[in-house]
Amino acid sequence: MTRRPDLIETSDTSDPSQAARFGHVSPNAWRVSGKTISIDEYIESQRKNVGSSDLQVLETFTGRLLDKLNEANAGEHAGLDEAVYLLVQVLQSTSVQRTKDPLPIWLAEVGFAAGYLLKRFDLIPDHVAEIGLVDDALIVQRVIERNRPQLDHALAKENG
């Protein structure tokens, strides 16, 4: 997270139901620095900027992640609250705090998602009524989808 993220623009989607569902933010085609990429490609490029020291800092901001759910009508974004609680659990786990660089891919992606959620000015600034958290929700939920087995394993190990 030491590098500034690239400029992101949304790309029109050919599926009108997808555009309506995500407030005209396509989950599949984003424009980053003039190049159209998928959300997965964006996550993969940004996870490279996350290290173990970033995770330690993010752990200190888990309360802020939870506060953001209350501030920005996160309830309007189905599944976002559960996703954030999962990120918080992972960031607070002792095994994560002992992790060294290079981070496992799943953990770097968790760090990226948490850091992205903490930003107020990202693809869609958080203060934009009704759609401010759309991009945040897409990224957080996609990171969880991509890494569900590893997340479940890490939490089971922590609780077991």
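Helices here are DSSP runs of at least four residues, numbered from the N terminus, and with that in mind we can begin at helix H4, which spans residues 62-71 and includes threonine 62. Before going on, please keep in mind that what we are looking at is a predicted model.

Let me stay with threonine 62 for a moment. Is this residue buried or exposed? Its relative accessibility is 5%, and because buried means under 20%, threonine 62 counts as buried. The side chain of threonine 62 also makes a polar contact, at 2.9 Å, with the side chain of glutamine 92. If we set aside residues up to four places away in sequence, threonine 62 touches Val88, Leu91 and Gln92.

Now let us widen the view to the whole of H4, where the buried residues are Thr62, Leu65, Lys68 and Leu69. When we look down the axis of H4, these buried residues fall within an arc of 110°, and so they line one face of the helix. What, then, covers the buried residues of H4? The cover includes helix H3 (52-60) and helix H5 (80-92), together with helix H7 (105-118) and helix H8 (134-159).

I would like to turn next to a loop residue, leucine 103, which sits between helix H6 (94-97) and H7. Leucine 103 has a relative accessible area of 13%, and it is therefore buried. Its C-alpha atom is separated by 9.5 Å from that of arginine 47, although the two residues are 56 residues apart along the chain. Leaving aside neighbours within four places in sequence, leucine 103 is in contact with Val50, Gly51, Ser52, Leu55 and Ala108.

That brings me to the aromatic residues. How many aromatic pairs are there? The count comes to 2 aromatic pairs. One of them is formed by tyrosine 42 and phenylalanine 112, whose rings are edge-to-face, with 5.7 Å from centre to centre and 75° between the planes. This pair links distant parts of the chain, since tyrosine 42 belongs to helix H2 (residues 39-47) and phenylalanine 112 to helix H7, 70 residues apart. Tyrosine 42 counts as buried at 0% relative accessibility, and phenylalanine 112 counts as buried at 5%.

Phenylalanine 112 also pairs with tyrosine 116, and here the ring centres are 5.9 Å apart with the planes at 55°, so this pair is tilted. Because phenylalanine 112 and tyrosine 116 are 4 residues apart in helix H7, they are separated by about one helical turn. Both phenylalanine 112 and tyrosine 116 are buried, and the ring pairs link Tyr42, Phe112 and Tyr116 into a cluster.

Finally, let us look at the largest nonpolar core, which has 43 residues. Which of its residues touch the most other members? They are Tyr42, Val90, Val110, Ile139 and Val140. At least two residues of this core are supplied by each of strand S2 (30-32), H2, H3, H4, H5, H7 and H8, while the largest share, 10 residues, comes from H8.

One of the residues just named, isoleucine 139, brings us back to the aromatic cluster. Leaving aside neighbours within four places in sequence, isoleucine 139 is in contact with Tyr42, Phe112 and Tyr116, and also with Trp30, Ile39, Ile43 and Ala113. I will stop there, and I am happy to go back to any of these residues in the structure.

Methods. Residues numbered from 1 in each chain as written. Predicted model: local features only at pLDDT ≥ 70, side-chain atom pairs only at ≥ 80, totals over all residues. Heavy atoms only, no water. Buried < 20%, exposed > 50% of the residue type's maximum accessible area, 1.4 Å probe, protein only. Polar contact = N/O pair within 3.5 Å; in protein donor to acceptor, adjacent residues only side chain to side chain. Contact = heavy atoms within 4.5 Å. Arc of directions from axis to C-beta. Phe/Tyr/Trp six-rings, centres within 6.5 Å; stacked < 30°, edge-to-face > 60°. Core = buried A, V, L, I, M, F, W, Y, C linked by side-chain atoms within 4.5 Å.
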